[in-house]
Amino acid sequence: MGDSAHRGRLRCQGSLAGPLPRTFARDLAGAVSDLQPLYDQHRLFVAPTRFAAGLPYKLHEAASYGLPIVATDLLRQQLGWTHETELLSANSSDPEAFAALIVRLYREAELWEILRIEALKRLRRDTDPDRYVAAIKAAVEGRRRNHAEV
C-alpha cells in the first residue's frame with residue numbers, strides 16, 4: 001500500500017479467528033458494548049465474516065451511521081444487498097480481493113458516497129414498519145387458510 005505515511009489504520013472490535021499480518025497498523029480492542037463512538041470516528045465498516053447465521057445486524061447498524069461497507073459475499077447474500085450498489089463484497093476465500101476492495105473504497109470518494117447513500121436507502125426499505133406489518137399479516141392469513149382447508 002505504499003509508504004507508511006499513506007497506510008490506513010485497522011481497528012478490530014470483537015474477536016479474531018487468527019493473527020493479522022504485521023503490515024497493518026492496528027488496534028485490537030476486543031468486544032465493546034457501544035459502537036457508536038467508533039462509527040463516528042471511522043471511514044469504513046469491514047466485515048470479513050466467514051461463518052454466520054441469521055441477519056447481520058451490525059451491517060444494518062453501520063449503514064445507519066453512514067459508513068460504507070466491505071463485507072464477505074456470505075453477509076451480502078444474507079442481506080440480499082447488491083455488490084457495488086449498497087456495499088462491496090468478495091468471497092471470504094480470496095483475502096487479496098477482499099483487501100483490494102477495502103483499499104478501493106477508502107480511496108474512491110465518489111464510490112464511498114454512492115455506497116453510503118444507497119445503503120441508507122436500502123436500509124430504509126428493508127426496515128420499513130409497513131413492510132413488517134404486511135409480512136406478518138400475510139403469514140397469519142396463510143396459516144388461517146391452511147387451517148380452514150384441514
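**Close-up views of a predicted model**

**View 1. The largest nonpolar core of the chain has 17 residues.** Within this core, F45, L59, I69 and W81 are the residues with the most contacts. The model is a predicted one. At least two core residues come from each of helix 1 (36–41), strand 3 (45–47), helix 2, strand 4, helix 3 (73–79) and helix 5. Helix 2 gives the largest share, 3 residues. A further core lies apart from this one and has 10 residues, including L44, V70, A90 and L111. In soluble globular proteins, nonpolar side chains tend to be buried together.

**View 2. Surroundings of F45, one of the residues with the most contacts inside the largest core.** Neighbours within four places in sequence are left aside here. The contacts of F45 are then Y39, K58, L59, A62, L67, P68, I69 and V70. Two of the names in this list, L59 and I69, also stand among the core residues with the most contacts.

**View 3. The whole chain, for orientation, with its 6 helices and 5 strands.** Read from the N terminus, the order of elements is β-β-α-β-α-β-α-β-α-α-α. The chain has 150 residues, and 27% of them are buried. Of the contacts between residues at least 6 apart in sequence, 46% join residues at least 24 apart.

**View 4. Packing of helix 2 (residues 57–64) against helix 5 (residues 109–126).** The axes of helix 2 and helix 5 are 9 Å apart, and the packing angle is about 125 degrees. Helix 2 and helix 5 are therefore oblique to each other. Their crossing is left-handed. On the helix 2 side the contact involves H60, A63 and S64, and on the helix 5 side A119, L120, L123 and D126. By type, the residues of this contact are 4 nonpolar, 2 polar and 1 charged.

**View 5. Crossing of helix 4 (residues 95–107) and helix 5.** The two axes come within 5 Å and cross at roughly 95 degrees. This angle makes helix 4 roughly perpendicular to helix 5. R104, L105 and R107 of helix 4 make the contact with A109, L111, W112 and L115 of helix 5. The contact of helix 4 with helix 5 has 5 nonpolar residues, no polar ones and 2 charged ones. L111, on the helix 5 side of this contact, is also among the residues of the 10-residue core.

**View 6. T72 in strand 4 (residues 69–72).** T72 has a relative accessibility of 1%, so T72 counts as buried. Residues up to four places away in sequence are not counted among its contacts. T72 touches A47, P48, T49, S89, A90, S92 and F98. One of these, A90, belongs to the 10-residue core.

**View 7. G80 in the loop between helix 3 and strand 5 (88–90).** G80 counts as partly exposed because its relative accessibility is 40%. Along the sequence, G80 and D126 are 46 residues apart. In space, their C-alpha atoms are 9.6 Å apart. D126 is also one of the helix 5 residues that meet helix 2.

Key: Residues numbered from 1 in each chain as written. Predicted model: local features only at pLDDT ≥ 70, side-chain atom pairs only at ≥ 80, totals over all residues. Heavy atoms only, no water. Axes fitted to C-alpha atoms, helices over the stretch in contact; angles between N-to-C directions. Helix = DSSP H or I, 4+ residues; strand = E, 2+ residues; numbered from the N terminus. Parallel < 35°, antiparallel > 145°, perpendicular 65-115°, else oblique. Left-handed = near helix turned anticlockwise from the far one by under 90°. Contact = heavy atoms within 4.5 Å. Nonpolar A, V, L, I, M, F, W, Y, C, P; charged D, E, K, R; others polar. Buried < 20%, exposed > 50% of the residue type's maximum accessible area, 1.4 Å probe, protein only. Core = buried A, V, L, I, M, F, W, Y, C linked by side-chain atoms within 4.5 Å.
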